[in-house]
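Colleague: Could you take me closely through the disulfides of this chain, and then show how the other side-chain pairings sit around them? I would like one connected account rather than a list.

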Amino acid sequence: MLLPLIIVSTIVGCNAFNCQNGWITYENSCYYVGPDDVHYTEAVHYCSQRNSHLVYVETARENSFLKGRLDTYGTGHSYWLGMTDEMSEGIWQWNSGNSVYYFNWAPTEPQNHNNEDCAVFHKSLNFQWADVPCASGRRPLCENAGYNTGTGTGTGTGTPTEIG
């Protein structure tokens, strides 16, 4: 009889992070893609209106998860990352002002051709990162913290059909 109590205690003690409907859950974050190509400043605003920010990819695991989703649901689009080197060429910072420590640049990137100061998951580069002009049109990829439900597995309730 002791074993079932331990299992129930373990399940009840789990922390789960869930997202609003239509958002995708990964670990403690939620992700959402805007439906239209917009320039970088508009993408920042789009995410802000949804209590989020352009995505900050901080680990290879998170990057792999996002690339998999974008590849599965992407329809020929590239997606904004929340980082720029506008303040100092070659010094990439998240929009929060924090330094970027993880990168997944494509082999020829970043190249700063034609003043490319913003970064994207680039469709034609298998969703590796590329620097592009901030005034170019890409889809916003928003991120925010999931909310803690206190129980469950943390797999989320959002559907990935919103991407693409």
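Modeller: In this predicted model, Cys19 and Cys30 are both buried, and they make a convenient place to begin. A disulfide joins these two cysteines, with 1.9 Å from S to S. The torsion about the S-S bond of Cys19 and Cys30 is about -90°, so this disulfide is left-handed. Because Cys19 lies in the loop between β1 (17–18) and β2 while Cys30 belongs to strand β3, the bond ties together parts that are eleven residues apart in sequence.

The count for the structure comes to three disulfides. Cys47 and Cys142 form another of them, with their sulfur atoms 2.1 Å apart. The torsion about the S-S bond of Cys47 and Cys142 is about -85°, so this disulfide is left-handed. The pair links distant parts of the chain, for Cys47 lies in helix α2 (residues 40–48) and Cys142 in strand β9 (residues 139–145), 95 residues apart. Cys47 is buried, with a relative accessible area of 0%, and Cys142 likewise counts as buried at 0% relative accessibility.

Cys118 and Cys134 are also joined by a disulfide, at 1.9 Å from S to S. Here the torsion about the S-S bond of Cys118 and Cys134 is about 95°, so the disulfide is right-handed. Cys118 lies in strand β7 (residues 118–122) and Cys134 in the loop between β8 (128–132) and β9, so the pair ties together parts that are 16 residues apart in sequence. Cys118 is buried at 0% relative accessibility, while Cys134, with a relative accessible area of 15%, counts as buried because the cut-off for that class is under 20%. When the bonded cysteines of the protein are numbered in sequence order, the pairing reads 1-2, 3-6, 4-5.

Strand β9, which holds Cys142, also takes part in a salt bridge. The side chains of Asp37 and Arg139 meet there at 3.6 Å, N to O. Asp37 lies in the loop between β3 and α2 and Arg139 in strand β9, so this pair ties together parts that are 102 residues apart in sequence. Arg139 is buried, with a relative accessible area of 9%, whereas Asp37 counts as partly exposed at 43% relative accessibility.

A search of the whole structure finds two salt bridges, and the other partners to describe are Glu27 and Arg61, whose side chains meet at 3.1 Å, N to O. Glu27 sits in the loop between β2 and β3 and Arg61 in helix α3, 34 residues apart, so that distant parts of the chain are linked. Glu27 counts as partly exposed at 44% relative accessibility, and Arg61 counts as exposed at 58%.

Helix α3 also contributes a ring to the aromatic pairs, of which the count comes to twelve. Among them, Tyr26 and Phe65 are stacked, with 4.4 Å centre to centre and 20° between the planes. Tyr26 lies in strand β2 (residues 24–26) and Phe65 in helix α3 (residues 60–73), so the pair ties together parts that are 39 residues apart in sequence. Tyr26 counts as buried at 13% relative accessibility, and Phe65 counts as buried at 18%. Phe65 is also paired with Tyr31: the ring centres are 6.2 Å apart and the planes stand at 45°, so this pair is tilted. Tyr31 is in strand β3 (residues 29–33) and Phe65 in helix α3, 34 residues apart, which again links distant parts of the chain. Tyr31 is buried, as is Phe65. Strand β3 is thus the element that holds both Tyr31 and Cys30 of the disulfide described at the start.

Elsewhere, ring pairs link Trp92, Tyr102, Phe103, Trp105, Phe121 and Trp129 into a cluster. A charge and a ring also come together, where Arg50 lies over the face of Tyr46, at 3.5 Å from the ring centre.

Finally, Gly82 offers a view of the backbone packing. Gly82 lies in strand β5 (residues 79–84) and counts as buried at 0% relative accessibility. Leaving aside its neighbours within four places in sequence, Gly82 is in contact with Tyr40, Leu54, Val55, Tyr56, Gln93, Trp94 and Asn95. One of these, Tyr56, is 26 residues from Gly82 in sequence and 5.7 Å from it in space, C-alpha to C-alpha.

Note on methods. Residues are numbered from 1 along each chain as its sequence is written. This is a predicted model: local features need pLDDT of at least 70, side-chain atom pairs count only at pLDDT 80 or more; totals for chains, interfaces and linings use all residues. Side-chain values use heavy atoms; hydrogens and water are left out. Rings of Phe, Tyr and Trp (its six-membered ring) pair if their centres lie within 6.5 Å; planes under 30 degrees apart count as stacked, over 60 as edge-to-face and the rest as tilted. Helices (H or I, at least four residues) and strands (E, at least two) are DSSP runs, numbered from the N terminus. Buried means under 20% relative accessible area, exposed over 50%, partly exposed in between (1.4 Å probe, protein chains only). A charge sits over a ring if NZ of Lys or CZ of Arg is within 6 Å of the ring centre and within 35 degrees of the ring normal. Contact means heavy atoms within 4.5 Å. A disulfide is a pair of cysteine sulfur atoms within 2.5 Å. A salt bridge is a side-chain nitrogen of Lys or Arg within 4 Å of a carboxyl oxygen of Asp or Glu.
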